[in-house]
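Student: I have the sequence and the model open and would like to work through the strands and helices. Can we take them one at a time?

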Amino acid sequence: MAENVVEDFSRARILVVGDLMLDRFVSGRVDRISPEAPVPVFRWESEREMLGGAGNVIANLHALGAHTALVCRVGDDAEALRAGELLRAAGAELVAVRSAAVPTIRKTRFVASGHHVLRMDREKVAPLVAAEEAELLGAIERIVSGYDLVVFSDYAKGLFSTSFTTKALAICRAAERRVFVDPKGRDYRKYGGATLVKPNLKELETVCGVRFDSAAPDFLDAVVRCAQKMLAVCNIERA
């Protein structure tokens, strides 16, 4: 069965729409505390970069053999160029709108002896401006028919405004393409019409306004009831 699934992925064409990030890992060691302030002195040894956010979805699909494209917003910066190189290495087409005001998201993790010392995020959360939204929606409309299904990878970084999300879903539905959503936020009604949403337990608690007790005998029943209510209210096929 597992082999059949992988074979199916090797024939799949999947369009990902989402928040692209560049993950940077700086490795080193900490041997002393700075004499200037009570902080560790981090001695650089090496660093590497990889795709994050929606880019990580692309990387995982590539590992399964799928053919992919990513629709996203990036900054007009070196991080966008580097992310583009990594996407091409993963066999993915990049369809991006470049923003002079919003940088490509970069998350830098400093790791010493296997332990995270610090994470530094460079990001600006801002909704799409009208011209950016129109350009990305036009791109989806042009290429969606060439893909078997669509994945929305929402990291709440400004791409998936209610306006953009509902219009993008309408385009995908008109093309008769299924849409799978990795959601964020408290209101899933913007995902109305999607085929599937995949919240984790904490995200389901957030959207349903409840707290689940995993030790309770009715834990699974409670999760199912909450998910069913959410699907009905938000007009989503399944979770």
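Student: In E10, which residue is the bridge partner of phenylalanine 180?

Tutor: A note first: the model is predicted. Strand E9 covers residues 178–182, and 2 bridges join it to E10, the two running parallel. The bridge partner of phenylalanine 180 in E10 is leucine 196.

Student: In what order do the strands of that open sheet stand?

Tutor: The open sheet is formed by 6 strands, and the pairing is parallel. Strand E5 (93–99) and strand E10 (196–197) each have a single partner strand, so one side of each has no neighbour in the sheet and they stand at the edges. The order is E5-E4-E1-E8-E9-E10.

Student: How many bridges join E1 to E8?

Tutor: E1 and E8 run parallel. One pairing to look at is glycine 18, which stands opposite serine 153 in E8. The number of bridges joining E1 to E8 is 5.

Student: Which residue in E4 does valine 17 stand opposite?

Tutor: E1 and E4 run parallel and are joined by 5 bridges. E1 is also largely enclosed by the rest of the structure, because 5 of its 6 residues are buried. Opposite valine 17, in E4, stands valine 71.

Student: At what angle does helix H2 run to E1?

Tutor: Helix H2 (residues 54–63) lies across strand E1 (13–18), strand E4 (67–75) and strand E8 (149–153). The angle of H2 to E1 is about 165°.

Student: Now strand E6. How many of its residues are buried?

Tutor: Strand E6 covers residues 105–112. Ile105, Lys107, Arg109 and Val111 point one way, while Arg106, Thr108, Phe110 and Ala112 point the other way, and all are buried. The strand is therefore largely enclosed by the rest of the structure, the count of buried residues being 8 of the 8.

Student: Is threonine 108 buried or exposed?

Tutor: Threonine 108 lies in strand E6. Leaving aside neighbours within four places in sequence, threonine 108 is in contact with Arg24, Val26, Leu118, Arg119 and Met120. Its relative accessible area is 0%, and the cut-off for buried is under 20%. Threonine 108 is therefore buried.

Student: In E6, which residue is the bridge partner of leucine 22?

Tutor: Strand E2 (residues 20–33) pairs with E6 in the parallel sense, over 8 bridges. For leucine 22, the bridge partner in E6 is arginine 106.

Student: In which sense do E6 and strand E7 pair, parallel or antiparallel?

Tutor: E6 and E7 form a hairpin with 2 residues between them, and serine 113 in the turn has a positive phi of about 50°. One bridge links phenylalanine 110 with leucine 118 in E7. Over 7 bridges, E6 and strand E7 (residues 115–122) pair in the sense called antiparallel.

Student: Turning to helices, why are H4 and H5 roughly parallel to each other?

Tutor: Helix H4 (residues 130–143) and helix H5 (residues 162–174) have their axes 10 Å apart. Angles under 35 degrees count as roughly parallel. H4 and H5 are therefore roughly parallel to each other, since they pack at an angle of about 15°.

Student: How many charged residues does the contact of H4 with H5 have?

Tutor: Glu133, Leu136, Leu137, Ile140 and Glu141 in H4 meet Ser163, Phe164, Lys167, Ala168, Ile171 and Cys172 in H5. By class, this contact has 7 nonpolar residues and 1 polar, and the number of charged residues is 3.

Student: How many nonpolar residues does the contact of H6 with H7 have?

Tutor: Helix H6 (residues 201–208) packs against H7 at an angle of about 55°, with their axes 10 Å apart. That angle makes H6 oblique to H7. Leu201, Leu204, Val207 and Cys208 of H6 make the contact with Phe219, Val223, Cys226, Ala227 and Met230 of H7. No polar and no charged residues take part, and the nonpolar count is 9.

Student: How far apart in space are alanine 222 and phenylalanine 212?

Tutor: Alanine 222 is in helix H7 (residues 219–234) and is buried, with a relative accessible area of 18%. In sequence, alanine 222 and phenylalanine 212 are 10 residues apart. In space, C-alpha to C-alpha, the distance is 7.5 Å.

Note on methods
Residues numbered from 1 in each chain as written. Predicted model: local features only at pLDDT ≥ 70, side-chain atom pairs only at ≥ 80, totals over all residues. Heavy atoms only, no water. Axes fitted to C-alpha atoms, helices over the stretch in contact; angles between N-to-C directions. Helix = DSSP H or I, 4+ residues; strand = E, 2+ residues; numbered from the N terminus. Parallel < 35°, antiparallel > 145°, perpendicular 65-115°, else oblique. Contact = heavy atoms within 4.5 Å. Nonpolar A, V, L, I, M, F, W, Y, C, P; charged D, E, K, R; others polar. Buried < 20%, exposed > 50% of the residue type's maximum accessible area, 1.4 Å probe, protein only. Pairing = 2+ DSSP bridges.
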